[in-house]
Amino acid sequence: MISYSEKTHIFNLETEKNLYYIEIYKGKHIRHLYWGTKIETLQNDFDNIEQDKPFVVNISPKNTVFLETLPLEIGFTGKGDFRHPTVDIENITGIPFLTLGYKSHKITKGKPVVEQFPQGRYKKGDKVETLLITLQDENSEVEIDLIYSVYYDYNIITRSIKVKNLSQSNLTLNTLLSFNIDMPLNHNDENLQLITLEGNWARERHIQQQEIKNGKSVISSNRGSSSHIFNPFCAVTYPSTTEHTGEIWGFSLIYSGNYQMCVEKTHTDIVRISGGINPETFIWILEPQESFTTPEAVLVYSNSGVNGMSNTFHKFFRERLIPQQFANRERPILINNWESTYFDFDHDKIVNIAKKASEVGIELFVLDDGWFGARDGDKKGLGNWVVNREKLRKGLEGLAEEINSHYMEFGLWVEPEMANPDADILKQHPDWLLGSCSDDPSMGRNQYVLDLANPEVVDWLIETFTEIFRKANITYVKWDMNRYLTETYSKYLPAHKKRETSHRYVLGLYRLMDTLVTQFPHILFEGCSGGGGRFDPGLIYYMPQYWTSDNTDAMARLKIQYGTSLVYPIITMGSHVSACPNHQLERTTPIEARLNAAMSGNLGFELDLNLTDPEELKIVKNGINFYKKHRKLIQLGEFYRLLSPFKGDQTSWMFIDSSKTELLLFWFLDKADIKYTRQLLKLPYVDPNSSYIDKETNKTYSGSELINRGFRLPLMNKDYASGVIYLTKI
Ligand code: DGJ
C-alpha cells in the first residue's frame with residue numbers, strides 16, 4: 001500500500017486503482033510526481049521542471065533548487081515559492097517564515113486518531129496505512145508532519161498536517177492548511193476546469209464549472225460555519241470529462257467552520273490545489289511543547305468521470321465517516337410539523353397530524369421548533385429549554401408516549417448553539433455570548449450565538465441536552481443552527497488568543513456533538529442549518545443525515561439534490577414532500593413529482609395529511625409502500641446521474657445495486673417542450689450480458705440495448721411530469 005525506495009527516494013501510495021507518487025527531492029523537499037491511474041514504471045524525468053531563468057530564486061547559494069517551479073506537497077513563503085502558502089508560521093524573533101526540509105519518515109499500519117475531532121474512520125481489518133513525513137525548520141525548533149493515510153479498498157487518500165512547537169517560546173500560526181498538491185497536469189490541449197458547489201439559503205450546492213485561468217480561484221467561508229454559499233469541496237477536471245468517463249481529481253475537507261480551498265494556475269502551468277482552515281479568520285498561538293493538527297482532507301482521483309468520483313466519496317463517507325451504527329441502517333420515513341404549523345401548535349394538533357401520518361405508513365414524527373419557553377415566534381424562547389406546557393399539556397414524555405401508541409417513533413428539534421435575548425442563561429451569564437466583547441452584538445434571526453469556545457458553555461449544553469434526550473422516548477433529533485457567526489471573539493480567551501475563537505468554536509461544537517452522540521447511540525441525529533447551511537463532512541461524521549434545504553419545491557430540489565450528490569451519499573440527504581402552493585416558491589407541482597423527488601433521498605413529509613385531497617392521499621400511500629419496498633436500494637445502493645437539471649429541463653438519475661440485479665430509474669421534466677416527448681435515455685451502468693424486466697408491464701429489455709440504444713422514456717408533454725420504473729434482472 002505504502003512503500004519507500006531508498007534508492008530513488010520515492011514514496012508510492014497505492015490504492016486498489018490508483019497511485020500517488022511523491023519524492024524526497026535533493027534530500028530536502030517533498031516533491032509531487034504523479035497521482036492517477038496505476039502505471040507500471042515511473043520515469044523520474046522531472047528535473048527539467050526547474051528552470052534557472054532570470055528572476056527565479058535559488059533556495060541558497062549552495063542549493064540550486066527553484067522552489068517556485070517545483071511541484072511540492074507543502075508550500076511556504078519566504079524562500080522563493082511565491083505561490084499560495086500551505087503554512088505561514090512566525091517564531092518569537094518575528095521572522096515570518098520557515099525553511100522546511102525533510103527530517104525523517106515513518107510508515108505504519110492503520111491511522112492515528114485525533115480525539116473528539118471528525119476524521120475518516122479506521123476499522124480493524126481495514127487495509128489502511130499511514131505515512132508520516134517529518135519536516136524540520138532550519139532556523140527554529142519547529143517540526144511539521146505531513147500525514148497521509150491510504151484507504152486501499154476505498155481508493156481514498158486522506159491528508160492532514162501537524163505542527164509541533166519544540167521550542168521554549170510561542171509560535172504564531174498565521175496559515176496552516178491541511179494539504180497542498182502541485183499537479184503538473186498534461187493538458188492535451190484542453191483548458192482545465194474547476195468544479196465547485198455554490199449556493200445560498202434555499203438554493204444550496206448548485207454545480208459551478210469554470211475554466212481554470214492563470215491566477216487563483218478561491219472558495220471559502222468566513223461565516224463561522226461551512227455555510228450555504230460554497231461547500232468545502234472542489235474538483236479539477238478536463239472539459240472532455242463527462243459524468244461517466246474521463247479524469248477528475250476531487251478534494252473535500254472534513255471541517256464545519258471557516259475554510260478555504262484555493263486552486264492556483266501558475267505561469268509555469270502547474271496547478272496548485274490547497275485547502276484547510278481559512279487563514280483570513282485564524283491565528284493560533286502555539287505554546288511550547290504543544291502541537292496542532294489540521295482538519296483532514298479527503299482526496300479522490302477517478303478516471304470514470306464525475307460520477308466515478310461521487311461514488312468513491314459516497315462509499316467512503318457512508319462506510320467510514322458517518323457514525324458506524326447508521327452506515328447500513330435504513331432510515332425511517334418521517335413527518336415533520338414545521339411547514340404545517342410553524343410555531344402554532346398544541347398537543348392535540350400534533351397528535352392529529354401524527355395519527356393521519358401513521359395511517360398512511362409514516363414511521364417517525366418530528367416535533368419542530370416551538371416546543372419550549374415562550375416560543376411563539378422566532379423572537380423569544382431559544383435558550384430556555386423547558387417545555388412549554390401551554391402548548392404541550394402532557395409534556396414531551398406524554399406526547400412521545402401518545403405518538404408511540406400510534407406506532408410511530410418520536411423525534412425532536414433543537415438549536416443548542418443559539419439564544420434569544422430573553423434566555424435566562426444570558427441573564428445569569430451575559431458573557432456566554434459570542435460578541436459579548438462588543439457593546440451591541442449583532443443579531444441574526446433575532447438570536448445570538450453562544451460562545452462555544454468557552455468550555456463552560458459547552459458543559460452547560462451537554463448537561464441541558466442530556467437531560468432533555470433522557471426525558472422522553474426520543475429516537476431522532478434535528479439539530480438546527482439558524483445564523484452565521486459575527487464578532488467572533490470569545491470573552492473567555494485572553495487578548496492574544498482572541499483570533500483562535502472561530503476554530504475553538506468548532507472544537508467546542510465537536511466536543512458537544514461527540515459527547516451527546518456517544519451518550520445516545522440509538523438516536524438518529526439530523527443536522528440542519530437553515531436547511532443545508534452546514535452540510536459538510538465534519539457534521540455528517542456526527543450526524544448521519546442532513547436536512548438538505550429549506551426549499552421543498554420539487555423542481556428546485558432536483559438541482560439541490562443533484563449538486564449535493566456530487567459529494568454526499570444519498571442516505572445523508574433528508575428530502576420531504578410538502579404542500580402546494582409551495583411555501584418557498586409558491587409553485588404548484590403534481591404530487592407525483594414531489595414524491596419522486598423526495599423518494600430520491602431519505603423520504604419525509606412536511607405537511608398535514610388531514611388536509612390532503614383524498615385522491616392525492618391515495619397516491620401518497622402508494623408512494624410510501626413503493627418507497628418501503630425499494631428503500632434499501634435507494635439508501636444503500638449506487639447512485640448514477642443521467643440527465644442534469646443544470647443543462648436543460650430534464651433530470652434523470654438511477655439507483656442500482658452493486659451486483660446490478662435491480663435498478664430504479666427516475667426522470668423529471670421542468671418546462672414541457674415538444675423535444676422532450678419519448679426520448680431515448682442510455683443507461684450505462686446495467687449488466688450488458690443480462691436482461692431486465694419491468695414486472696408491472698412484463699416488458700423486457702436486454703442490458704446491451706439499455707446501454708447502447710437506451711430506455712425509451714414515456715411521453716412527457718406536461719410541465720413537471722415525472723416517473724419512475726423498477727427493473728430486475730431476469
Ligand atoms: C430552519 C430549518 O431549516 C427549518 O426546517 C425549521 O426547522 C426552522 N429552522 C425552525 O426554526
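In the predicted model, a polar side-chain atom of Asp369 lies 2.6 Å from an oxygen atom of the ligand. A second oxygen contact comes from the backbone: an N or O atom of the main chain of Gly531 is placed 2.8 Å from an oxygen atom of the ligand. Asn482 contributes through its side chain, where an N or O atom is 3.4 Å from a nitrogen atom of the ligand. The ligand is surrounded by 13 residues. Those that come nearest are Asp368, Asp369, Lys478, Asp480 and Asp550.

The largest pocket of the protein holds about 740 Å³ of space. Its lining consists of 37 residues, and Asn311, Thr312, Lys315, Glu638 and Tyr640 lie nearest the centre of the pocket. Two or more lining residues are given by each of β20 (296–302), α1 (305–320), α11 (614–636) and β31 (638–643). Helix α1 gives the most, with nine residues. By residue type, the lining of the largest pocket comprises 13 nonpolar, 14 polar and ten charged residues.

Strand β31, which contributes to this lining, also belongs to a sheet. That sheet is open and is built from six strands in the order β31-β32-β33-β38-β35-β36, with antiparallel pairing. Strands β31 and β36 (699–702) stand at the edges; each has a single partner strand, so one side of each is left without a neighbour in the sheet. From one strand to the next, the twist averages 25°. Within the sheet, β32 (residues 650–656) and β33 (residues 662–669) run antiparallel and are joined by seven bridges. In this pair, Met654 stands opposite Leu665 of β33.

Another open sheet is formed by four strands in the order β1-β2-β3-β4, and the pairing is again antiparallel. The edge positions are taken by β1 (2–5) and β4 (29–37), each of which pairs on one side only. Neighbouring strands of the four-stranded sheet are turned by 15° against each other on average, direction ignored. Eight bridges connect β3 (residues 18–25) to β4 in the antiparallel sense. One of the residues in this pairing is Ile22, whose bridge partner in β4 is His32.

Apart from the open pocket, the protein contains enclosed spaces. The count of cavities of 30 Å³ or more comes to five. The largest cavity has a volume of about 60 Å³. It is lined by Lys28, His29, Ile30, Leu67, Leu72, Ile74, Phe76, Leu100, Gly101 and Leu135. Edge strand β4 of the four-stranded sheet supplies at least two residues of this lining, as does β6 (100–109). The lining of the largest cavity divides into seven nonpolar residues, two polar residues and one charged residue.

The second largest cavity contains about 40 Å³ of space. Leu13, Thr15, Asn18, Leu19, Tyr20, Trp35, Asn155, Ile157, Leu299 and Tyr301 form its lining. Strands β3 and β20 each supply at least two of these residues. The most come from β3, with three residues. Strand β3 is thus a lining element of the second largest cavity and a member of the four-stranded sheet, while β20 gives residues both to the second largest cavity and to the largest pocket. In the lining of the second largest cavity, seven residues are nonpolar, three are polar and none is charged.

Two features of the backbone were also recorded. Cys580 and Pro581 are joined by a cis peptide bond, with omega at about -5°. Pro581 is located in the loop between β29 (573–578) and α10 (591–599). Gln289 has a positive phi of about 70°, although this residue is not a glycine. Gln289 also sits in a loop, in this case between β18 (284–286) and β19 (291–293).

Definitions and conventions
Residues numbered from 1 in each chain as written. Predicted model: local features only at pLDDT ≥ 70, side-chain atom pairs only at ≥ 80, totals over all residues. Heavy atoms only, no water. 1 Å grid on protein atoms, 1.4 Å probe; cavity = no way out; pocket = protein on both sides within 12 Å on 5 of 7 lines; lining within 4 Å. Points joined across faces, edges and corners; volume = space filled by probe spheres on them. Nonpolar A, V, L, I, M, F, W, Y, C, P; charged D, E, K, R; others polar. Pairing = 2+ DSSP bridges. Axes fitted to C-alpha atoms, helices over the stretch in contact; angles between N-to-C directions. Near = heavy atom within 4 Å. Polar contact = N/O pair within 3.5 Å; in protein donor to acceptor, adjacent residues only side chain to side chain.
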